[in-house]
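I am opening a fresh page for a structure that is new to me, and I will write down each thing as I look it up.

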Amino acid sequence: MAIHQVTSFNGYFSNNNNKREKYLKPGVILTSALGVGTAFAVIAKKQGFSLKLSAIKNTPVKDWAVFRLFDKKHPAKKIVELEEKEIISMASASVAGGLLGGAIFDDKKHFKSKLRESVNQILGNVLVPVACVGGASRLYKANKEKLLSIMPQLKETGKFTKNMNKIFKVIPGSIATIVSLGIGIIAGNKVSNFLNEKLFHKKVERNIKGSDFAPHVDDLGMAVSLMADKSKGASFIQRIVPLFLCVPGVEVGTHRDK
């Protein structure tokens, strides 16, 4: 009888753990997305978009704040602008949402590790890259005319030469974006290592390889949104940046110390 009871208890806890594993990632994705969505709604409200259901219902879907793109035929038409402070607020909301999701859907014993990871994500994966890219963006825009003036321009004799000239014009901005983002990711990695060792007394070496840049798609979207001039393409990137910014929250909510 006692053996049967022990087996039953073990089965109960095993099923409980299986449920936690099953719902952890979907739950954290949901809470991170809710955090980012709430922050985006506040930003849209501050920038003049109505959040009233009646106003949203009577507005074409393509003109909703989350979908509206820059239109060169109507340049005065407002779109949601995402710069450093907006990106930081959405990333912070993502991390808060991920931490909440981790607390709800994961075992309590992992919460401290998630709390440490939230600090790492905010400082190492958000603030440092944003500071690097934002600084580079301001520097580039202040010297844009000078930089473009030294780029070669072909005599436009057809579609090919016209397209080549367009490519030459985007090279300085592209280089500034890639370099500043690379510096931001490397510096953020150093900050994460420092935090783990000095503040959390946990030796963790996060060495960067070429493949390590893949998870930073959120930083890439952020970099493009900060560096690019107004265009339909750049505004499209800005519209999907909130999706990218769910990544830090998911990283936090699903994190467990090894």
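Where is the place of W64? I looked this up before anything else, keeping in mind that the model is predicted, and I found W64 in the loop between α2 (53-57) and α3.

Entry on the surface. I next checked how far W64 is covered, and its relative accessible area came out at 31%; I note W64 as partly exposed because that value lies between the 20% and 50% cut-offs. I then looked for its partners and found that W64 forms a nonpolar patch on the surface with V61, V66 and F67, the four together having about 330 Å² of accessible area. For the chain as a whole I wrote down an exposed area of about 15700 Å², of which carbon and sulfur atoms supply 65%.

Entry on the fold. I went along the chain from the N terminus and recorded α-α-α-α-α-α-α-α-α, which comes to nine helices and zero strands. When I turned to contacts with a separation of 6 or more, I saw that 77% of them join residues 24 or more positions apart.

Entry on the interior. I noted that buried residues make up 36% of the 258 residues in the chain. I then looked up the largest nonpolar core, which has 18 residues, and listed A65, V80, L82, M90 and L245 as those with the most contacts inside it. Helices α1 (2-46), α3 (84-105) and α4 (111-142) each supply at least two residues of this core, and α1 gives the most, with five residues.

How values were computed:
Residues are numbered from 1 along each chain as its sequence is written. This is a predicted model: local features need pLDDT of at least 70, side-chain atom pairs count only at pLDDT 80 or more; totals for chains, interfaces and linings use all residues. Side-chain values use heavy atoms; hydrogens and water are left out. A nonpolar core is a set of buried Ala, Val, Leu, Ile, Met, Phe, Trp, Tyr and Cys residues joined through side-chain atoms within 4.5 Å. Buried means under 20% relative accessible area, exposed over 50%, partly exposed in between (1.4 Å probe, protein chains only). Helices (H or I, at least four residues) and strands (E, at least two) are DSSP runs, numbered from the N terminus. Contact means heavy atoms within 4.5 Å. Accessible areas come from the Shrake-Rupley method with a 1.4 Å probe; for residues, only the protein chains shown count as cover. Patches are made of residues with over 30% relative accessible area and no salt bridge: like charges are joined within 9 Å, nonpolar side chains (Val, Leu, Ile, Met, Phe, Trp, Tyr) within 5 Å. A salt bridge is a side-chain nitrogen of Lys or Arg within 4 Å of a carboxyl oxygen of Asp or Glu.
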